[in-house]
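Colleague: Hi! Could you walk me through this one before I set anything up?

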Amino acid sequence: MNGAEFLYDELVVKIEQPDDGPFDFNDLPGGPIHPPLAGETLYEEVIDE
Amino acid sequence: MAATVQIHEMTAAAAGVDKTSGTIRFKGADNQTVDTVDRLQIPTGATIFSYTKHARFYFQAGPSVDIQNLRCYTDGSNTFGTGITVQYNVPAAGLGTFPNINTDIAGTDLFTKTSGAPVDLDAINTGPHSGTGYKGDHIRMQMGVANTAAPGQLTPETLTFAYDET
């Protein structure tokens, strides 16, 4: 090697966006998720005796 | 409303320069400027090392709910050329504990990390992540140059950061 040799580089930074975009609660089958309304039961456990 | 997510090259434990879709340059000096000053000198003897580079996720605008599974990866092929390596590790406290150095960090080959087996960037600072600011772990990287390297400008490589947003 004759004389000093140098190099320089590039490391390119990229962001991969989520494939299907942000999750949208309003797009759920059966309509949007919402807090339970007054008098509404979230779920019931039925015991068949 | 989707979050606005950036990748910052860190200048301190919780401060950095936006490098999203930008370039990180491994240099013989500790700064974030992408220029041709402080080029890496090919050694006549033992391998030399660039100053380390820390990168981290930054949420400029937070997600609706949260962001998880922070990660980054390469294409799995080092095309920087003969005698050039890039190694990494994930120090817990980033620059606050690990100032940038130009001595061997004895890390893992960055090009072993692919989309199928990426660097986990929320193993220490675990998710789910919400709100704004710096999130997840710091990746610390360093280029090694052996005496077999050729002079000139290297072909760029890409480091891709990915996440899952809700």
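Modeller: Happy to; here is a short tour of the two chains and how they meet.

Colleague: Ground rules first, please: what should I know about the model and the numbering?

Modeller: This is a predicted model, in which local features need pLDDT of at least 70 and side-chain atom pairs count only at pLDDT 80 or more, while totals for chains, interfaces and linings use all residues. Residues are numbered from 1 along each chain as its sequence is written, chains are lettered from A and ligands numbered from 1 in the order in which they are written, and side-chain values use heavy atoms, with hydrogens and water left out.

Colleague: Thanks. What is the secondary structure of chain B?

Modeller: Chain B has zero helices and 13 strands. Helices (H or I, at least four residues) and strands (E, at least two) are DSSP runs numbered from the N terminus.

Colleague: And how compact is chain B?

Modeller: Its radius of gyration is 16 Å, close to the 15 Å that the globule rule gives for 166 residues, so chain B is as compact as a globular protein of that length. That radius is taken over C-alpha atoms, and the rule is 2.2 Å times the number of residues to the power 0.38. Along the principal axes, the C-alpha atoms of chain B fill a box of roughly 55 × 30 × 25 Å.

Colleague: On to the interface. How many residues does each chain put into the contact?

Modeller: Chain B gives 43 residues and chain A gives 20, with contact meaning heavy atoms within 4.5 Å. Together they bury about 3,100 Å², 62% of it on carbon and sulfur atoms. Buried area here is the accessible area (1.4 Å probe) lost by two parts on being put together, summed over both.

Colleague: How many salt bridges cross it?

Modeller: The rule finds two between chain B and chain A, where a side-chain nitrogen of Lys or Arg must lie within 4 Å of a carboxyl oxygen of Asp or Glu. One of them joins Glu16(A) and Arg71(B), at 3.8 Å from N to O.

Colleague: Which strand of chain B supplies the largest share of the side touching chain A?

Modeller: That is E13(B), with eight residues.

Colleague: So what does E13(B) pair with?

Modeller: Strand E2 of chain A, residues 11-16, runs parallel to E13(B) over six bridges. Val13(A) has Leu159(B) as its bridge partner, and Ile15(A) has Phe161(B). Two strands count as paired if DSSP finds at least two bridges between them.

Colleague: Which sense does E2(A) take with E3(B)?

Modeller: Antiparallel, over two bridges. There Val12(A) stands opposite Thr23(B).

Colleague: What about E1(A)? Where does that strand sit?

Modeller: It takes the middle place in an open three-strand sheet ordered E4(B)-E1(A)-E12(B), with mixed pairing. E4 and E12 of chain B are the edge strands, each pairing on one side only. E1(A), residues 6-8, runs parallel to E12(B) and is joined to it by two bridges, with Tyr8(A) opposite Gln153(B).

Colleague: Last topic, backbone oddities. Where is there a cis peptide bond?

Modeller: Between Gly127(B) and Pro128(B), with omega about 0°. Pro128(B) is in the loop between E10 and E11 of chain B.

Colleague: And what is phi of Ser21(B)?

Modeller: Near 55°, a positive value in a residue other than glycine. Ser21(B) is in the loop between E2 and E3 of chain B.
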